[in-house]
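The following paragraphs explain how parts of one protein chain are held to one another. Please keep the sequence and the structure in view while reading.

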Amino acid sequence: MRHTQNQPRSLFLARLFLTSTLLTLTSAINIIPPAFAQRELDFATQGCRGVPQEAYFRTENYHINICQGQSGLFMAVSYINGQLFDRFSVQRQGDGYAGNSQRAFYQVNSRLFTIQPNNNQAPISERVMRMSGNQGNQGNQRPQQSQVTGTVTYRQRIALPPNSTVVVTLQDTTSRNRAPRNIAQQTIPLRGQQVPVPFSLMYNPAQIQQNGVYRIRAEIYVEGRLTWANMGQDRVITGGNPNNIEVIVQQLN
């Protein structure tokens, strides 16, 4: 086989080209923006970013994580590309979760995710395509649930402003030596709706003692200020009291 003088030079140039290409690729890898790396996050298992996760929901455009923070449950909503959209405290509500942030009211369950902006724009609703976690319960089976239903109303003929909010709470008031213990709560942005306002509070019967005292606390907030509240006991569940009740609130001075 004959060798030419150009072969060593050609081999040297090929090696130089390969080395240059590898250095270029290495530099490109090192400058991948952090935002792109975040898109690889597995939201179904890591969306709570270091704190325990209770549940995860996914729609066409959003990741919804329910996380167990030090002060209670919170919802972290992110776009599909990984960018955080909103984060706020939530309450369990039936088979899902609901809560308010400064920008909107959110509600998610096994079927639907809804965003209702606080500026009265049209709500955004998307079908839940995937979910995981225990959806608010420990273990593989959902404990039996019961509910207290009813309406919140008042006697005066006064219209509520559209930005009013009703908060209904099921409380354990058995002990007179301590503050009432909240068992379930529902927050209802009215968005122009007037009384009577229906409510439904889900609770675990295992939390109820037959000799316990349980009542409904109803409040109406206008522009964040408590304006109406019920003054009576409005007892429910035990002692022959009903699970369906009309709660009459009174205007506060």
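In this predicted model, the count of disulfides comes to one. A disulfide is a covalent bond between the sulfur atoms of two cysteines. Here the two partners are Cys48 and Cys67, whose sulfur atoms lie 2.0 Å apart. The link of Cys48 and Cys67 is left-handed, with -90° about the S-S bond. Cys48 is found in the loop between helix H3 (43-46) and strand E1 (53-58), whereas Cys67 belongs to strand E2 (residues 62-69), so the pair ties together parts that are 19 residues apart in sequence. Are these two cysteines buried or exposed? Residues under 20% relative accessible area count as buried. Cys48 has a relative accessibility of 6% and therefore counts as buried; Cys67 is buried as well, because its relative accessible area is 0%.

A second kind of link depends on charge. Side chains of opposite charge can pair when their charged atoms come close. The structure holds four such salt bridges. One of them joins Glu54 and Arg92, with the closest N and O atoms 3.0 Å apart. Glu54 lies in strand E1 and Arg92 in strand E5, so this pair ties together parts that are 38 residues apart in sequence. The surroundings of the two partners can be described in turn. Glu54 is buried, since its relative accessible area is 3%, while Arg92 counts as partly exposed at 44% relative accessibility.

Strand E5, which holds Arg92, also leads to a sheet. Five strands form this open sheet, in the order E5-E6-E7-E8-E9, and their pairing is antiparallel. Which strands stand at the edges? They are strand E5 (91-93) and strand E9 (124-127); each has a single partner strand, so one side of each is left without a neighbour in the sheet. On average, neighbouring strands of this sheet are turned by 15° against each other, direction ignored. At the E9 edge, strand E8 (residues 112-117) runs antiparallel to E9 and is joined to E9 by four bridges. Within this pair of strands, Thr114 stands opposite Ser125 in E9.

Another pairing involves strands E11 and E17. Strand E11 (residues 146-153) and E17 run parallel, and five bridges join them. Among the residues involved, Thr151 has Glu246 in E17 as its bridge partner. How do the side chains point along strand E17 (residues 244-248)? They alternate: Ile245 and Val247 point to one face and are buried, whereas Asn244, Glu246 and Ile248 point to the other face and are not buried.

Glu246 also takes part in a salt bridge, with Arg155 as its partner and the closest N and O atoms 3.8 Å apart. This pair links distant parts of the chain, for Arg155 lies in the loop between E11 and strand E12 (164-172) and Glu246 in strand E17, 91 residues apart. Arg155 is exposed, because its relative accessible area is 58%. Glu246, at 44% relative accessibility, counts as partly exposed.

One further salt bridge remains to be described. The side chains of Asp172 and Arg181 meet at 3.1 Å, N to O. Asp172 has a relative accessibility of 8% and so counts as buried, whereas Arg181 counts as partly exposed at 33%.

Terms used. Residues are numbered from 1 along each chain as its sequence is written. This is a predicted model: local features need pLDDT of at least 70, side-chain atom pairs count only at pLDDT 80 or more; totals for chains, interfaces and linings use all residues. Side-chain values use heavy atoms; hydrogens and water are left out. Buried means under 20% relative accessible area, exposed over 50%, partly exposed in between (1.4 Å probe, protein chains only). Helices (H or I, at least four residues) and strands (E, at least two) are DSSP runs, numbered from the N terminus. Two strands pair if DSSP finds at least two bridges between them. A disulfide is a pair of cysteine sulfur atoms within 2.5 Å. Axes are lines fitted to C-alpha atoms, for helices over the stretch in contact, and angles run from 0 to 180 degrees between N-to-C directions.
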